[in-house]
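Colleague: I am new to this structure and would love a close look at one part of it. Could you pick a spot, walk me through it slowly, and then show me what else is worth finding in the model?

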Amino acid sequence: MSRLASVYPLVTARALARPFTYEVPDEAGKGAVVEVRFGNARRRGVVTEVGVELPEGVEAAAVERVAETLPPVLVDLALWLADYYGSTPARALGLVAPQAPRRRGERRHASAAGALAAEPAPERLSESQERALQRIEALLDGGGGGHVLLSGATGSGKTEVYIRACDAALARGRDAIVLVPEIALTPQTLGRFRARFGDRVAVLHSALTEAERRDERERIASGEAPVVVGARSAVFAPVPSLGVVCVDEEHDASYKQESDPRYDARTVAAKRASLEGAIAVFGSATPRPESWGRLERLELGGRIAAPMPSVRVVDLRREAGYPLSAPLLSALGGLAEHGGKAILLLNRRGVAPAVHCRACGATRRCRSCDVALTLHEGGSLRCHHCGHAEPMGETCPGCGSAELARVGAGTQRLERELAKHVPELERIRLDADAIMKPEQLRDALERFGGARRAVLVGTQMVAKGHHFPGVELAAVVDADTALGLPDFRAEERTFQLLTQLAGRSGRDAPGRVIVQTFQPDARAVAYAARHDVHGFLDGELERRRALGYPPFRHLVRIVVTGPEQADPLRALEELKAQLGGDELLGPAPLLRLRNRHRAQLVGKTERPRLLAGRVAALLVVAAPAMRRAGLTAVVDVDPQSV
Ligand SMILES: [Zn+2]
Ligand SMILES: [Zn+2]
């Protein structure tokens with residue numbers, strides 16, 4: 001027995017972005033992942049509908065094999081995602097049906113191997129944790145789903161609420177997904193969940209081997225592992241009946257995928273929860289203004305075990321000694337003398353972010369990108385965009401002068417200064433140059449955890465949710481790094497970074513925080529110094545309302561790149577003229593990257609799908625001319641930076 005079904009072959013070509021009709025066996029329904037003959041090749045495909053009519057004059061081939069069965073709701077989720085983010089159904093279906101090799105040999109659980117030891121469960125919940133949990137349970141029992149924001153300082157017990165919420169889902173015969181922003185954070189979260197749920201926890205992220213991913217997906221689909229912990233892609237986990245999805249550190253921009261399909265796992269989590277009548281719990285100590293403005297708030301308040309650390313703002317216009325001002329040096333000296341640990345954040349890699357010539361004033365720039373080259377250890381100048389490297393040399397290539405000046409400081413210089421001034425402190429660096437593999441990160445964190453006198457130096461990696469016991473001092477070396485960026489999220493990002501770093505200090509110690517800045521009066525710095533999350537977010541929402549930024553309107557960003565300077569701008573001018581209507585900013589030129597000139601047009605709109613759809617249609621018409629000029633266009637719905 002067989003019937004006819006619509007099948008999307010999983011191909012990336014936009015030209016083939018439509019379903020084809022195949023004969024499927026009776027047991028294959030919507031969500032079946034099948035192997036089909038497609039042209040001359042064998043392809044995987046996903047059944048999106050059964051019981052369809054055969055178009056006139058077409059013969060349907062039979063599918064060759066049913067490989068896997070997905071929950072049908074994942075098909076709806078993928079088709080929505082393709083539409084909302086302007087991708088193709090096949091590319092979106094590829095997210096919910098990733099390639100899986102056939103089984104060979106014995107299985108081992110990736111989740112058992114990758115978990116860190118965890119602290120024990122608290123005997124009882126705090127009052128605010130109890131209230132938050134009761135509300136989540138009430139929403140679960142109400143059956144209508146819901147989206148809530150769980151806000152509270154670092155150390156206020158958000159993870160415990162996630163664990164209890166997952167438990168509540170399991171008690172009702174439902175499943176749970178817990179998302180963390182980065183793969184590096186999964187071992188820690190996995191450890192806490194495995195301590196409570198044992199082998200019923202599975203892990204999913206893009207660093208698993210194909211065999212590991214297949215095994216974990218099978219444990220999830222069979223119901224053996226009803227709790228899934230993972231990074232972005234775990235939002236597509238094939239749990240049979242989602243009850244709760246928790247999004248930890250929900251402010252983190254890593255939830256947005258920066259290649260097609262350009263989806264945001266937070267938006268997808270909310271959509272999936274709505275489709276399945278599940279509860280989405282978004283948690284953070286520094287929520288996005290979008291979540292603050294839109295979601296029901298469940299507030300945990302301050303820390304359970306300790307007061308918030310005191311924050312001292314050091315005005316670099318008055319204090320000499322950058323990157324280590326006198327107050328910072330004296331605090332570090334105290335640790336060197338009495339023992340203790342510090343974390344120093346400097347969001348720049350290398351020795352110096354720029355090198356310029358004192359004689360002719362020229363800054364050394366990348367040949368292919370409009371950015372300054374960064375000086376690294378060993379005297380090499382590197383482009384942080386394209387990877388180009390050249391020796392700094394002894395003299396200026398323009399005028400021959402030997403008067404080369406290093407401007408500013410990066411993490412490598414900071415490490416050197418620390419060696420000079422406080423040699424008693426062990427130095428551990430955490431940045432993309434020092435940490436290339438997960439094992440290196442684990443080793444660095446273990447060394448820091450076990451040290452008695454140590455300082456962890458790093459880029460924003462150090463502020464990202466890792467738990468370090470016994471940190472007495474946390475310092476931001478240069479709070480102004482991000483403030484100067486021409487991006488409407490610059491203040492939000494700075495506030496988050498400062499507040500998150502402060503949260504790393506004193507979880508179980510009397511913490512102190514030092515913030516060095518040239519702009520002590522900047523809103524983000526002033527509110528972070530007072531731990532005033534409400535105040536910052538309320539002000540930020542007002543500012544965004546006035547300017548028509550998210551959450552009040554959506555952004556749609558169109559970036560065109562090409563080999564000639566004038567072309568991207570001209571193409572976007574034409575697009576703008578045809579679009580009319582919606583509020584459009586630009587087009588404006590962007591930095592040249594990898595020898596490609598770039599420009600962007602940004603639309604503010606209440607209806608992002610409509611605008612993105614119109615843009616996509618116009619780009620299809622313009623495609624032949626754009627191809628001739630070597631231009632490419634990318635449409636990004638809800639971009640994380642503009
Ligand atoms: Zn020169
Ligand atoms: Zn470059």
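Modeller: Happy to! Let us start with Glu 492, which has a relative accessible area of 5% and therefore counts as buried, the cut-off being under 20%. Please keep in mind throughout that this is a predicted model. Glu 492 belongs to helix H13, which covers residues 490-504. Which residues does Glu 492 touch, once its neighbours within four places in sequence are set aside? They are Arg 288, Pro 289, Phe 536 and Arg 544.

A second buried residue to look up is Pro 568, in helix H16 (residues 566-579). Its relative accessibility is 1%, so Pro 568 is classed as buried. If residues up to four places away in sequence are not counted, Pro 568 is in contact with Val 560, Thr 561, Gly 562, His 597, Arg 598, Ala 599 and Leu 631. Between the C-alpha atoms of Pro 568 and Arg 596 there are 9.7 Å, while the two residues are 28 apart along the chain.

Now turn to the metals. The zinc ion (ligand 2) has four protein donors, the SG atoms of Cys 366, Cys 369, Cys 383 and Cys 386, at 2.3 to 2.4 Å. The angles among these donor atoms run from 105 to 113°, so the arrangement around the zinc ion (ligand 2) is tetrahedral. For comparison, the ideal angle for four tetrahedral donors is 109.5 degrees. Along the chain the donors of the zinc ion (ligand 2) are spaced C-x2-C-x13-C-x2-C. Cys 366 sits in the loop between strands E16 (354-357) and E17 (374-376), and Cys 383 in the loop between strands E18 (380-382) and E19 (389-391), so this pair ties together parts that are 17 residues apart in sequence. Cys 366 and Cys 383 are both buried.

The zinc ion (ligand 1) is held by the SG atoms of Cys 357, Cys 360, Cys 396 and Cys 399, at 2.3 to 2.4 Å. Its site is tetrahedral, with angles of 103 to 115°, and its donor residues follow the spacing C-x2-C-x35-C-x2-C. Cys 357 is buried because its relative accessible area is 2%, whereas Cys 360, with 42%, is partly exposed.

Next, follow the strands. An open sheet of seven parallel strands runs in the order E9-E10-E8-E11-E12-E7-E13. Strand E9 (201-204) and strand E13 (296-301) are at the edges with a single partner strand each, so one side of each has no neighbour in the sheet. From one strand to the next, the twist averages 20°. E9 runs parallel to strand E10 (residues 227-230), joined by four bridges, and Ala 202 stands opposite Val 228 there. Helix H4 (residues 127-142) packs on this sheet, touching strands E7, E11, E12 and E13, and its direction makes about 155° with that of E13.

Finally, try strand E15 (residues 340-345), where six of its six residues are buried. Gly 340, Ala 342 and Leu 344 point one way, while Lys 341, Ile 343 and Leu 345 point the other. In a regular strand, side chains alternate between the two faces of the sheet. E15 has six bridges to the parallel strand E22 (residues 453-458), with Leu 345 opposite Gly 458. Five bridges join E15 to strand E23 (residues 471-476), also running parallel, and Leu 344 has Ala 475 as its bridge partner in E23.

Notes. Residues are numbered from 1 along each chain as its sequence is written. Chains are lettered from A and ligands numbered from 1 in the order in which they are written. This is a predicted model: local features need pLDDT of at least 70, side-chain atom pairs count only at pLDDT 80 or more; totals for chains, interfaces and linings use all residues. Side-chain values use heavy atoms; hydrogens and water are left out. Donors are N, O and S atoms within 2.8 Å of the metal (3.2 Å for Na, K and Ca); water is not among the atoms, so sites may look incomplete. Four donors count as tetrahedral if all angles lie between 85 and 135 degrees; four count as square planar and six as octahedral if opposite donors are over 155 degrees apart and all others between 65 and 115; anything else is irregular. Helices (H or I, at least four residues) and strands (E, at least two) are DSSP runs, numbered from the N terminus. Buried means under 20% relative accessible area, exposed over 50%, partly exposed in between (1.4 Å probe, protein chains only). Contact means heavy atoms within 4.5 Å. Two strands pair if DSSP finds at least two bridges between them. Axes are lines fitted to C-alpha atoms, for helices over the stretch in contact, and angles run from 0 to 180 degrees between N-to-C directions.
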